[in-house]
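Welcome, and please open the model in your viewer. We will move from selection to selection and look at what is there.

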Amino acid sequence: MKVEIYSDIACPWCYVGKRRFERALAAYPGADTVEVAYRPYQLAPEASPEAEPLEPVLRRKFGDRVSEMHAHLAEVGSREGIAFDFANAKSVNTLLAHRLLHLAETEYGTTAQATLKNALLHAYFVEGGNVGDRDQLTELAVAAGLDRDRVTAYLASDEGTAEVQARISEAQLMGITAVPTFVFEGKWAVQGAQEASTFLQVLEQVAAETATPTPNTPTPNTPTADDCADGSCAI
């Protein structure tokens with residue numbers, strides 16, 4: 001079974017969703033038959049490549065709701081073992097990090113990609129890291145098992161940019177306007193950081209359906225507002 005997870009490094013619900021999906025996968029008897037790949041999506045493609053404090057950026061977009069949103073996320077995150085530190089988080093354009101995830105998958109495999117994805121989310125939301133900084137990205141990639149020289153040369157070039165942007169365009173054509181969105185076998189889409197029990201049920205249902213698959217197109221339910229609603233972030 002192939003599961004493609006559309007998400008952004010700058011999306012807190014993507015971090016929560018990743019943890020919950022991994023718990024579901026650990027409980028799924030057929031976990032060794034499931035391939036998970038992370039697909040790029042940018043909630044703020046206009047974000048500056050220069051890092052700046054996250055909270056002022058979000059307040060310009062969401063107003064005073066930010067405090068309530070972050071308090072709720074902190075509570076949810078604590079139950080998933082995530083110590084969100086929004087006060088020290090840095091807003092930055094995530095395209096460079098998505099390119100690095102593309103390299104990880106294509107040259108090192110989905111396991112290395114998942115390891116790097118977790119490191120990027122942890123750096124962004126817990127450590128106050130700058131995921132737009134080439135030096136920091138290189139260290140995270142090397143720790144995830146990527147070759148330092150390859151990463152250095154890759155980040156210094158435009159390699160992978162067209163492929164990542166094409167993936168994002170494909171996601172938009174599929175109707176994805178919020179993340180995380182989980183696409184199973186290219187046919188069934190589940191949006192939001194669902195509970196682990198829900199993801200487990202979906203894995204079991206998709207496994208049963210793939211015995212006699214029928215053509216379909218992912219049609220996720222999407223938020224109608226520009227918001228980080230409970231469970232997902234919309235553009």
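Two residues are in contact here when they have heavy atoms within 4.5 Å of each other. Keep in mind that this is a predicted model.

**Stop 1: Thr161**

Select Thr161, which lies in helix H8 (residues 161-173). Is Thr161 buried or exposed? Its relative accessibility is 17%, and buried means under 20%, so Thr161 counts as buried. Now show what surrounds it: setting aside neighbours within four places in sequence, Thr161 is in contact with Leu95 and Arg99.

**Stop 2: H4 against H8**

Add helix H4 (95-108) to the selection. How do the axes of H4 and H8 cross? They come within 9 Å, at an angle of roughly 100°. That makes H4 roughly perpendicular to H8. To see the contact, pick Leu95, His98, Arg99 and His102 on the H4 side, and Thr161, Glu163, Val164 and Gln165 on the H8 side. Colour this contact by class and you get two nonpolar, four polar and two charged residues.

**Stop 3: H4 against H5**

Keep H4, hide H8 and bring in helix H5 (residues 110-125). The axes of H4 and H5 come within 7 Å and cross at roughly 155°. An angle over 145 degrees counts as roughly antiparallel, and H4 and H5 are therefore roughly antiparallel to each other. The crossing of H4 past H5 is right-handed. From H4, the contact draws on Ala97, Leu100, Leu101, Ala104, Glu105 and Tyr108; from H5, it draws on Thr110, Ala112, Gln113, Leu116, Lys117 and Leu120. With the class colouring still on, the contact of H4 with H5 shows eight nonpolar, two polar and two charged residues.

**Stop 4: H5 against H6**

Stay on H5 and select helix H6 (residues 134-143) as its partner. Their axes come within 9 Å and cross at roughly 140°. H5 and H6 are therefore oblique to each other, and H5 passes H6 in a right-handed crossing. Which residues make the contact? On H5 they are Leu116, Ala119, Leu120 and Ala123, and on H6 they are Leu137, Leu140 and Ala141. The class colouring gives seven nonpolar residues in the contact of H5 with H6, with no polar and no charged ones.

**Stop 5: the buried side of H7**

Next, select helix H7 (residues 148-155) and highlight its buried residues, Val151, Tyr154 and Leu155. They span an arc of only 90° around the axis, which puts them on the same side of H7. Turn H4 and H6 back on, since both are among the elements that cover the buried residues of H7.

**Stop 6: the buried face of H2**

Finish at helix H2 (residues 54-62). Which residues of H2 are buried? They are Leu54, Leu58 and Phe62. Look down the axis of H2: its buried residues fall within an arc of 40°, so they line one face of the helix. The cover over these buried residues includes strand E3 (52-53), helix H3 (65-79), strand E4 (90-91) and H5. For a last click, choose Gly63, just after H2, where the phi is positive at about 75°.

Notes
Residues numbered from 1 in each chain as written. Predicted model: local features only at pLDDT ≥ 70, side-chain atom pairs only at ≥ 80, totals over all residues. Heavy atoms only, no water. Axes fitted to C-alpha atoms, helices over the stretch in contact; angles between N-to-C directions. Helix = DSSP H or I, 4+ residues; strand = E, 2+ residues; numbered from the N terminus. Parallel < 35°, antiparallel > 145°, perpendicular 65-115°, else oblique. Left-handed = near helix turned anticlockwise from the far one by under 90°. Nonpolar A, V, L, I, M, F, W, Y, C, P; charged D, E, K, R; others polar. Buried < 20%, exposed > 50% of the residue type's maximum accessible area, 1.4 Å probe, protein only. Arc of directions from axis to C-beta.
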